[in-house]
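User: I would like to go through this structure in questions and answers, from the overall fold down to single residues. Please keep the answers short.

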Amino acid sequence: MFSDSQNDLEIIAVRKTYGDFEAVKGISFKVIKGEYCCLLGPSGCGKTSLLRMIAGHEEITDGDIFIGSKRLNSLTPAERGTSMMFQNYALFPHLSVIDNISFSLKIKGESSQKRYKEAMNFLEMVQMSGFENRYPDQLSGGQKQRVALARALISKPKVLLLDEPLSALDPALRVRMRTELKLMQRELKITFVHVTHSQEEALALATTAVVMNNGVIEQIDSPLNLFNKPKSKFVAEFVGSHNIIKSGTGFSSLRMDKTKVSDNLSKNIKTGVRAKIADIEFLGDSARIIMKNKDQTIIASVDDVSFIKKEYTVGKEVFCHWDTKDLHELEY
Ligand code: ATP
């Protein structure tokens with residue numbers, strides 16, 4: 001089976017087993033050239049195994065992986081047209097920044113003049129000009145990340161594979177580097193496949209998010225659809241910011257920011273429940289009111305923090321309600 005669109009990444013019925021254990025259970029999807037694809041899921045769901053099979057660092061047990069019409073299965077990592085950026089950056093400690101970046105060109109036998117020129121261009125692209133003679137242990141985490149990115153990009157891959165690239169950074173830097181990564185991807189128009197367990201990261205970065213659970217795909221969608229129309233209970237819970245409400249024989253998701261709180265218990269609203277405030281979490285520009293009754297916990301996310309402080313206290317009985325149009329029925 002061949003994909004006819006040049007440079008699209010296609011995963012076809014791919015399985016990965018380690019001994020008797022099936023880590024990836026025959027999954028298929030396509031990433032169109034130039035997309036920012038995030039593989040998202042909890043620890044152990046199989047996302048790194050899949051990324052490593054695309055990169056050629058792990059053998060494919062069954063199935064096929066293509067870039068355009070090129071079948072990757074039996075190719076070496078260097079022959080695939082992919083490049084990998086590792087979680088711990090994997091910079092060579094004994095090589096300077098410029099030698100780290102130009103390493104793959106050296107392997108290809110490029111002249112030192114060409115290597116230097118090319119590496120300097122990429123150094124500038126990641127805003128690290130002036131650092132060419134430093135060694136990795138003389139760089140901050142964010143700087144190492146930029147160097148690793150330049151090193152991965154210099155081989156001009158068709159698909160850049162990123163394994164939790166932001167996880168080693170502190171929270172403020174993570175958000176800044178996240179923006180830079182997205183802008184760079186947009187400018188370069190290279191397909192990025194980025195593994196993360198952070199739903200916030202995936203929602204912020206992805207044009208397409210692939211949510212995995214237990215070796216299978218739960219949902220492939222745009223971040224907006226993932227958030228507004230989760231297909232399953234798992235996706236609604238994993239993406240976060242949703243309550244799961246029992247409706248009829250099944251369940252519906254209800255966005256926490258669409259969940260309302262009223263202290264007028266006599267109000268005749270049918271779509272709601274009585275509950276007690278168990279806690280209020282202040283998050284600066286918003287707050288989460290956590291309400292509990294004997295059946296469930298429901299959380300309302302509200303913007304008007306000052307109002308909450310005056311009107312609501314822990315232990316107060318309230319009416320927690322919603323518009324039926326805001327309930328989204330879950331398939332499973
Ligand atoms: P994390 O976010 O923790 O990295 P992940 O979703 O990337 O998790 P994988 O690393 O792909 O998950 O692992 C999927 C499953 O396969 C896990 O249960 C893991 O223990 C198992 N696994 C991974 N590598 C091996 C291996 N070399 N031998 C045996 N089992 C493995």
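## Fold, ligand site and selected residues

Of the 332 residues of the protein, 47% count as buried. The model is a predicted one.

User: How many helices and strands are there in the protein?

Analyst: The C-alpha trace spans about 80 × 45 × 35 Å along its principal axes. Among contacts between residues at least 6 apart in sequence, 63% join residues at least 24 apart. The secondary structure of the protein comes to 10 helices and 18 strands.

User: What share of the accessible surface of the protein belongs to carbon and sulfur atoms?

Analyst: The accessible surface of the protein is about 16500 Å². The part of it that belongs to carbon and sulfur atoms is 49%.

User: Which element gives the most residues to the shell around the ligand?

Analyst: The shell is made up of Tyr18, Phe21, Ala23, Pro42, Ser43, Gly44, Cys45, Gly46, Lys47, Thr48 and Ser49. By class, these are 5 nonpolar, 5 polar and 1 charged residues. The element that gives the most, with 3 residues, is helix 1.

User: Which residue has a polar side-chain atom 2.3 Å from an oxygen atom of the ligand?

Analyst: Two other polar approaches to ligand oxygen atoms come from the backbone: a backbone N or O atom of Cys45 at 3.0 Å, and a polar backbone atom of Gly46 at 3.1 Å. The side-chain approach at 2.3 Å is that of Thr48.

User: How much of the ligand does the protein bury?

Analyst: Taken alone, the ligand exposes 640 Å². Of that area, the protein buries 57%.

User: Which helix gives the most to the largest nonpolar core?

Analyst: In soluble globular proteins, nonpolar side chains tend to be buried together. The largest nonpolar core here has 45 residues, and Ile101, Leu149 and Leu160 touch the most other members. The largest share of this core, 6 residues, comes from helix 5 (residues 141-153).

User: How many residues are in the second, separate core?

Analyst: Leu39, Cys45, Leu50 and Ile65 are among the members of this second core. Cys45 also belongs to the residues around the ligand. The size of the second core is 26 residues.

User: Which residues does Leu160 touch, not counting those up to four places away in sequence?

Analyst: Leu160 is one of the residues that touch the most other members of the largest core. Counted this way, the residues it touches are Ser83, Leu149, Ala152, Leu153, Ile190, Thr191, Phe192 and Val193.

User: Is His194 buried or exposed?

Analyst: His194 is in strand 8 (residues 191-196). Beyond four places in sequence, His194 touches Tyr36, Cys37, Cys38, Leu39, Leu162, Pro165, Leu166, Leu181, Glu201 and Leu205. Because the relative accessibility of His194 is 0%, the residue counts as buried.

User: What is the distance between the C-alpha atoms of Phe238 and Ser198?

Analyst: Phe238 is in helix 9 (residues 233-239), and its relative accessibility of 14% is why the residue counts as buried. Leaving aside neighbours within four places in sequence, Phe238 is in contact with Leu40, Gly41, Pro42, His197 and Gln199. Phe238 and Ser198 are 40 residues apart along the chain, and their C-alpha atoms are separated by 9.3 Å.

User: Which side chain forms a polar contact of 2.7 Å with the side chain of Ser232?

Analyst: Ser232 lies in the loop between helix 8 (223-228) and helix 9. At 1% relative accessibility, Ser232 counts as buried. Not counting residues up to four places away in sequence, Ser232 touches Glu218, Leu330 and Tyr332. The partner in the 2.7 Å side-chain contact is Glu218.

User: Why does Ala90 count as partly exposed?

Analyst: Ala90 lies in the loop between strand 6 (82-85) and helix 2 (97-101). Its phi is near 50°, a positive value in a residue other than glycine. Partly exposed covers the range between the 20% and 50% limits, and Ala90 counts as such because its relative accessibility is 31%.

User: Is Lys189 buried or exposed?

Analyst: The loop between helix 6 (171-188) and strand 8 holds Lys189. Lys189 has a positive phi of about 60° although it is not a glycine. The limit for exposed is over 50%; Lys189 has a relative accessibility of 55% and therefore counts as exposed.

Notes:
Residues are numbered from 1 along each chain as its sequence is written. This is a predicted model: local features need pLDDT of at least 70, side-chain atom pairs count only at pLDDT 80 or more; totals for chains, interfaces and linings use all residues. Side-chain values use heavy atoms; hydrogens and water are left out. A residue is near a molecule or strand if one of its heavy atoms lies within 4 Å of it. A polar contact is a pair of N or O atoms within 3.5 Å; within protein, one must be able to donate a hydrogen and the other to accept it, and residues adjacent in sequence count only if both atoms are side-chain atoms. Accessible areas come from the Shrake-Rupley method with a 1.4 Å probe; for residues, only the protein chains shown count as cover. Helices (H or I, at least four residues) and strands (E, at least two) are DSSP runs, numbered from the N terminus. Ala, Val, Leu, Ile, Met, Phe, Trp, Tyr, Cys and Pro count as nonpolar, Asp, Glu, Lys and Arg as charged, and the others, Gly among them, as polar. Buried means under 20% relative accessible area, exposed over 50%, partly exposed in between (1.4 Å probe, protein chains only). Contact means heavy atoms within 4.5 Å. A nonpolar core is a set of buried Ala, Val, Leu, Ile, Met, Phe, Trp, Tyr and Cys residues joined through side-chain atoms within 4.5 Å.
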